[in-house]
Each structure stands twice: as structure tokens, then as C-alpha cells.
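Work through the exercises below with the structure open. Each one sets a task and then solves it in steps.

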Amino acid sequence: MAGRAEAEKLDRSNELSRFRERFYIPPGTIYMDGNSLGLLSTDAEKSLLRRLDEWKNLGIGGWLKEEKPWFVVAEETGKLASRLVGAEKNEVIFTGTTTVNIHNLTGTFFQPDGKRNKILADQLNFPGDLYALQGQLRMKNLDPRSHLILAGPDRNGLLDEDAIIGLMGEDVSMVFLPSVLYRSGQLLDMERLTAAAHERGINIGFDCCHSAGIVPHRLSEWGVDFALWCSYKYLNAGPGAAAFLYINKKHHNLLPSLPGWFGQEKAKQFEMLPEFNPAAHAGRWQISTPGILGSAPMEGALQITLEAGMERIRATSLRLTGFLYDSIMTRIIPADNRFVLLTPREQHCRGGHIALQHPRADDIYNDLLSRGIVTDLRPPNIIRIAPSPLYNTFAEIDKVVGSLLETAAEY
Ligand SMILES: *Cc1c(COP(=O)(O)O)cnc(C)c1O
């Protein structure tokens, strides 16, 4: 179903519509880029201003004050966020950044052993993830050209789980994959991939940057070994806020590859001992003093996500992307068959955004931008459209589709 009347009907029955008024939508825009940078909420603004006030009024006293001390922000935020990904409280910590966490956790989980000395990843992952894996291989004196196995796309530009599993050979020590592909929006079956890796004695980790806060996970139940994700996309914590990492509790005895004093057991941290006595949980993978101010919006933003609830967020997201998908199929593609939908239609294969391919994608993207519609261009030919269940409406999607139609006619 598509069209304005349908959009209005869907907006009336949207149980998350009340959250929109808590976000700052950039004036005069339809903002559909929350998978690149989520928007500021009044809640996040408040938690940021409170931290600033604490610094102003307490100075160093902020670290150990009674309520919400800075010293345990990483642990406390990790505990709250564990609910979003189906992890236990001490399996998640709010620390580092995505790429730093990839380095740290690959250093821990990639332990080449005889013939088992390769990493399996995919060609379609975010390039920075691949650079980190290449660097980790080189650090162990292994050549990425022979030791980084990359699963490639099928003829629809998607990853095929059977093909990935087929590559999980006896030479593979670690698998690292995205949960949702950042370009196509394809959602992989993490449970199945994890089971397949474990049957073959391989550790598996996921980059959940494009699924955290939009797709529910059951990381502990699936037995995923490790995962990491940023907080500035669907989690709306602001540009460059700290990221998260998850380590399955069965691995809490492993050592971080980039140890630092914030990974020390809390009770001993200020004894300033020369020995590293790491925390007994995911907290041991922390490195440095946390960026309290830059990460302060996370507290308010997380409150909103927890209040909305992951199941409701996912249900609404599927309705939004489903409506967008159907509108494109029924209104856009019949009018201009240069458009190709890259994202799978099946709900269990779809993340939070829709990827649309067109040979003039950059012109269309810029034209949309000049009309106040913020989408996202992935050169050379992909436009990503991400309707957020927390602040977008079906009526906005209907307008975006109308503008796409007008715009494409010009190119
Ligand atoms: C957003 C994103 C990143 C960004 O990494 P930073 O270290 O935060 O710059 C990395 N990988 C994936 C898959 C992403 O979606």
C-alpha cells in the first residue's frame, strides 16, 4: 500500500509518534539520515548540560560524587545498553570507538594457531573495518592478501549466508561480519552464522553499528563471542560519542590486546600498581579515561530508546521501511526503471534503511537536499533512506517519494 491517505492512516496508529516532539528536527528539513548521524533529543541535551554543570561546579569532584559519578559511567551505561542487545549486564561496556574496539577485540580473539591463521570477513563491510583487520594481520606478521578471506556479493549485490558458511574452513581462526550491511541495508542471520562458526571451532564477532538501536539482538542467547557498535547512528548520542563493546561472559578471562588503566579492577585502579589486575567483566577492555562530556548525551538518548522499547522500535521501523519499499515499487520504479532497490524485501533480511540505486544518484541526492530532504549518498550510485521510528512519519516518507519522482524526471 502506498499514497498519502495510507500514510496519514499509518501515522494515526503509530504508537511511537509521541517521541518525535522530543527531538530537534533540523528546521525546514525532512531528516532521513539517522543511520549516519541520529538527531539530538531534549533528553540528550539535558544530560549533556548536566555533565557540563558538574564540571563547572565540582571540578575533579565529579569523578566520585554520590549520584552518577563519572568514574562508573562506562559500566552503568553498559548495563543499561545490554538490554538493547540481549546481553547480560556485565557483558557490555560503553567505551572506545568502533574502529578502536575492532582493533582491541580482534587482538584478543584472533589467535592464529598453526593452520588456523586466517580471518573471514566480507568485501561489503565498511572499509575502516577492513583496514583494521588488515592491520591486525600485519601486526601478527601475516599478509592480508593471503590471510584475510573476503566473502563477496551474489548477483543481487547481497551476501549469501550459505556462501559465508562455506568459507568457514579449517584455516579460519576468527569471523568478523556486519549485522546489517551499511550500504544495502541487508540484515544477516547472526544466530545461524554464530552456530555455524561454533560448529567449526571458530570465534565470531559482529559489527552492529547499523543494527544497534533499530533491530533487537539476542547476543548472549546466540552465544556470539564479541560485538561492537557506535552510539551516534540509531542510538542518537551525538557525533563521536563513545561506542559499545560486548564480550560473551565465557571469554571474560581473556586479555585485552590494548590494555589500559581504565580496564583495571575498579577497587584497585587508584592503587596505581605496576601489575595489570583487569576487571572481571567486559570492563577490562577499557583503555583510557572516558570522554565524559562528549558521551554525556548518551544517557538521555538511551532513556528514550529504552522507553520506546526495542520490540516496538523494530515493529515500527519495519512498517516505515515497508511503506517506503512499497511506495518505491508501486510509484517510482514503474515510472523510471533505472532505479533498483538493493535492500531485500523480506523482513528478516532488512535492517533500518532502504538503499536505492540509480546511475544519477549524486544529482538526485543533491536535488533532494536542495528541497530540504536529507538522505545519504554512498558513491557512486546509492542513496540510503533511513526513516527513524523515533522521529520520522509516514507522511514524510510519502513526501520523499513524491520528490524522488519529480527529481528523477529531471535527470
Ligand atoms: C559507522 C560505522 C563505523 C564508524 O567507525 P568509527 O570508528 O566510529 O569512525 C565503522 N564501521 C561500520 C560498519 C559503521 O557503520
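**Exercise 1: the two domains**

The C-alpha centres of domain 1 and domain 2 lie 29 Å apart. The model is a predicted one, where local features need pLDDT of at least 70, side-chain atom pairs count only at pLDDT 80 or more, and totals for chains, interfaces and linings use all residues. Residues are numbered from 1 along each chain as its sequence is written, and side-chain values use heavy atoms, with hydrogens and water left out.

Task: describe the contact between domain 1 and domain 2.

Step 1. Set the bounds: domain 1 covers 4-31 + 309-409 and domain 2 covers 49-307, as given by an automatic or database domain assignment.

Step 2. Count the residues in contact (heavy atoms within 4.5 Å). Domain 1 supplies 31 residues and domain 2 supplies 22 residues.

Step 3. Take the buried area, that is, the accessible area (1.4 Å probe) that two parts lose on being put together, summed over both. Between domain 1 and domain 2 it is about 2200 Å², with 58% from carbon and sulfur atoms.

Step 4. Search for salt bridges (a side-chain nitrogen of Lys or Arg within 4 Å of a carboxyl oxygen of Asp or Glu). The rule finds one across the interface of domain 1 and domain 2. Separately, list the pair Glu307 and Arg22: they form a salt bridge, and their closest N and O atoms are 3.0 Å apart.

**Exercise 2: the largest pocket**

Task: find which residues lie nearest the centre of the largest pocket, and which domains supply its lining.

Step 1. Apply the pocket rule: on a 1 Å grid over the protein atoms alone, a pocket is an open set of points where a 1.4 Å probe fits, with protein on both sides within 12 Å along at least five of seven lines; lining residues have an atom within 4 Å of a point.

Step 2. Read the volume, the space filled by probe spheres set on the points, which are joined across faces, edges and corners. The largest pocket holds about 560 Å³.

Step 3. List the lining: 29 residues, with Leu187, Leu188, Asp189, Trp222 and His348 nearest the centre.

Step 4. Assign domains: domain 1 and domain 2 each give at least three residues to this lining.

**Exercise 3: the second largest pocket**

Task: state the volume and lining of the second largest pocket.

Step 1. The volume is about 300 Å³.

Step 2. The lining has 17 residues, and Arg51, Lys68, Thr77, Leu80 and Glu299 lie nearest the centre.
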